[in-house]
Amino acid sequence: MTTTSPAGTGRQLLDADEARVARASRELTKIAAALVSRPMDRDLHEQMRAFLDKESEASLASWDVLLQRTPDQLKERISTVLTIQALRTAS
């Protein structure tokens, strides 16, 4: 899933690797937070297993891609994302 920009710009907000890492981070944070208050909840354990079985490898591969970016590439992506977000807010 990729988040797109305002109509007519043709630019994507996040590339596939960025979107995958963001989704994984949100899901894992949600599971981890729930485990703090309900550490023996079987449903949470199943959610964690399902994530590890289905999404973990792809998420880690995307993370590795992001780690390979240079500081200049990261600055450019931040600038691009912020610009697109500003355009979306203005429209």
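**Helix packing around helix 1**

**View 1. Helix 1 passes helix 3 in a left-handed crossing.** The model shown here and in the other views is predicted. Helix 1 covers residues 16–37 and helix 3 covers residues 56–67; their axes come within 9 Å and cross at roughly 125°. This angle makes helix 1 oblique to helix 3. On the helix 1 side, the contact is formed by Asp 17, Glu 18, Arg 20, Val 21 and Ala 24, and on the helix 3 side by Ala 58, Ser 59, Ser 62, Trp 63, Val 65 and Leu 66. Sorted by class, the residues of this contact are six nonpolar, two polar and three charged.

**View 2. Leu 66 is a residue of helix 3 that touches helix 1 residues including Val 21.** With a relative accessible area of 17%, under the 20% limit, Leu 66 counts as buried. Leaving aside residues up to four places away in sequence, Leu 66 touches Asp 17, Glu 18, Val 21 and Leu 74. Among these partners, Leu 74 falls within helix 4, which spans 71–90. Leu 66 and Glu 18 are 48 residues apart in sequence, with their C-alpha atoms 7.4 Å apart in space. Glu 18 is itself listed among the buried residues of helix 1.

**View 3. Val 65, also placed in helix 3, is partly exposed.** The relative accessibility of Val 65 is 38%, which lies between the 20% limit for buried and the 50% limit for exposed, so Val 65 counts as partly exposed. Val 65 belongs to the residues of helix 3 that meet helix 1. From Val 65 to Asp 17 the separation is 48 residues in sequence and 7.2 Å in space, taken C-alpha to C-alpha.

**View 4. Helix 1 and helix 2 cross at roughly 155°.** Their axes come within 10 Å. An angle over 145° counts as roughly antiparallel, and helix 1 and helix 2 are therefore described in that way. The crossing of helix 1 with helix 2 is left-handed. From helix 1, Ala 24, Glu 27, Leu 28, Ile 31, Ala 34 and Leu 35 take part; from helix 2, they meet Leu 44, His 45, Gln 47, Met 48 and Phe 51. This contact has eight nonpolar, two polar and one charged residues. Ala 24 appears in the contact with helix 2 and also in the contact with helix 3.

**View 5. Ala 34 lies in helix 1 and meets helix 2 as part of the contact.** Ala 34 has a relative accessible area of 14%, and is therefore buried. Between Ala 34 and Leu 44 the C-alpha atoms are separated by 7.5 Å, at 10 residues apart along the chain. Leu 44 is one of the helix 2 residues in the contact with helix 1.

**View 6. Helix 1 has buried residues that pack against helix 2, helix 3 and helix 4.** The buried residues of helix 1 are Glu 18, Ala 19, Val 21, Ala 24, Ile 31, Ala 34 and Leu 35. Residues three or four places apart in an α-helix point the same way, because there are 3.6 residues a turn. The 22 residues of helix 1 should span 32 Å at 1.5 Å a residue, and the 33 Å between the end C-alpha atoms agrees with this.

**View 7. The chain has four helices and zero strands.** Along the sequence the order of elements is α-α-α-α. The chain has 91 residues, of which 23% count as buried. Of the contacts between residues at least 6 apart in sequence, 58% join residues at least 24 apart. The pair Leu 66 and Glu 18, in contact, is 48 residues apart in sequence.

Terms used. Residues are numbered from 1 along each chain as its sequence is written. This is a predicted model: local features need pLDDT of at least 70, side-chain atom pairs count only at pLDDT 80 or more; totals for chains, interfaces and linings use all residues. Side-chain values use heavy atoms; hydrogens and water are left out. Axes are lines fitted to C-alpha atoms, for helices over the stretch in contact, and angles run from 0 to 180 degrees between N-to-C directions. Angles under 35 degrees count as roughly parallel, over 145 as roughly antiparallel, 65 to 115 as roughly perpendicular and the rest as oblique. A crossing is left-handed if the near helix is turned anticlockwise from the far one by less than a right angle, and right-handed if clockwise. Contact means heavy atoms within 4.5 Å. Ala, Val, Leu, Ile, Met, Phe, Trp, Tyr, Cys and Pro count as nonpolar, Asp, Glu, Lys and Arg as charged, and the others, Gly among them, as polar. The expected span of a helix is 1.5 Å times one less than its number of residues. Buried means under 20% relative accessible area, exposed over 50%, partly exposed in between (1.4 Å probe, protein chains only).
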